[in-house]
Amino acid sequence: KKGNETFRRMGYNVAWDNSEMIEEPKYDDAMKLSKEIITGFSNGEFGEIYLAYTAFKNTISHEPKLMKLLPYEADENAAVTDKQDEDDNVLMNFEPQDEEALNLIIPKYITSLIFGGMVEAAARENGARMQAMDAATSNAEEMIDKLSLMYNRARQGSITQELTEIVAGANAIS
């Protein structure tokens, strides 16, 4: 929501807002969003697509991530594997055409990246809430301790004053 507000303030056109998805991430929501993004990219509405999210490390720390989804750029350091020998015992060989394979793989890949980002961001949000609740509990306990000490001191002062008045009254009578 903050990112959406920031982009609008900066003058960017926010095409659509699906921030409610993060409250309870579902794979179906990621799939719908992925289809919208891929369709928009295919139609030329978008030149590049990035996924920005908060990566979950632990409840205390988080790391902002920015990942380029489309157009895909192959990693130059990625290992290239040779085709399996024909002599190997393979139960089934599935070799679709390059374009057909990409049309099957890319949507699933992008959907899984989006869903992973949603889940990590939700985990980070819950971690931040847990941390805030822990800090609030610690602060409340400190406040209770301070107030208990102040109450006990006031009560002791009151008792001391009453005893002093009783002793003074007794001395005045004698």
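A residue is called partly exposed when its relative accessible area lies between the limits for buried, under 20%, and exposed, over 50%. The exercises below apply this to a predicted model.

**Exercise 1.** Determine how Glu 125 and Arg 129 are placed relative to one another, and whether each is buried, partly exposed or exposed.

*Solution.* Begin with the contact itself: the side chains of Glu 125 and Arg 129 meet in a salt bridge, with 3.2 Å from N to O, and this satisfies the criterion because a side-chain nitrogen of Lys or Arg has to lie within 4 Å of a carboxyl oxygen of Asp or Glu. Next, place the pair in the chain: both residues belong to helix α3 and stand four residues apart, so about one helical turn separates them. Finally, turn to accessibility: Glu 125 has a relative accessible area of 40% and is therefore partly exposed, and Arg 129, at 44%, also counts as partly exposed.

**Exercise 2.** Find which residue forms a salt bridge with Glu 48, and state which parts of the chain the pair links.

*Solution.* The partner of Glu 48 is Lys 68, and the closest N and O atoms of the two are 3.3 Å apart. The pair links distant parts of the chain, since Glu 48 sits in the loop between α2 and β1 while Lys 68 belongs to strand β2, 20 residues apart. As for accessibility, Glu 48 is partly exposed at 44%, and Lys 68 is likewise partly exposed at 27%.

**Exercise 3.** State how many salt bridges the structure holds, and describe the one formed by Lys 65.

*Solution.* The structure holds three salt bridges. In the one that involves Lys 65, its side chain meets that of Glu 63 at 3.7 Å, N to O. Lys 65 has a relative accessible area of 34%, which makes it partly exposed, and Glu 63, at 30%, falls into the partly exposed class as well.

**Exercise 4.** Describe the largest pocket by its volume, its lining and the elements that supply this lining.

*Solution.* Start with the volume, which is about 1,800 Å³ for the largest pocket. Its lining comprises 39 residues, and those nearest the centre are Asn 4, Phe 7, Asp 17, Asn 18 and Ala 52. Then assign the lining to elements: α1 (2-9), α2 (27-42), β1 (49-56), β2 (62-70) and α3 (98-173) each supply at least two residues, with α3 giving the largest share, nine residues. Sorted by character, the lining consists of 22 nonpolar, eight polar and nine charged residues.

Note on methods: Residues are numbered from 1 along each chain as its sequence is written. This is a predicted model: local features need pLDDT of at least 70, side-chain atom pairs count only at pLDDT 80 or more; totals for chains, interfaces and linings use all residues. Side-chain values use heavy atoms; hydrogens and water are left out. On a 1 Å grid over the protein atoms alone, a cavity is a set of points where a 1.4 Å probe fits but cannot get out, and a pocket is an open set with protein on both sides within 12 Å along at least five of seven lines; lining residues have an atom within 4 Å of a point. Grid points are joined across faces, edges and corners, and a volume is the space filled by probe spheres set on the points. Ala, Val, Leu, Ile, Met, Phe, Trp, Tyr, Cys and Pro count as nonpolar, Asp, Glu, Lys and Arg as charged, and the others, Gly among them, as polar. Buried means under 20% relative accessible area, exposed over 50%, partly exposed in between (1.4 Å probe, protein chains only).
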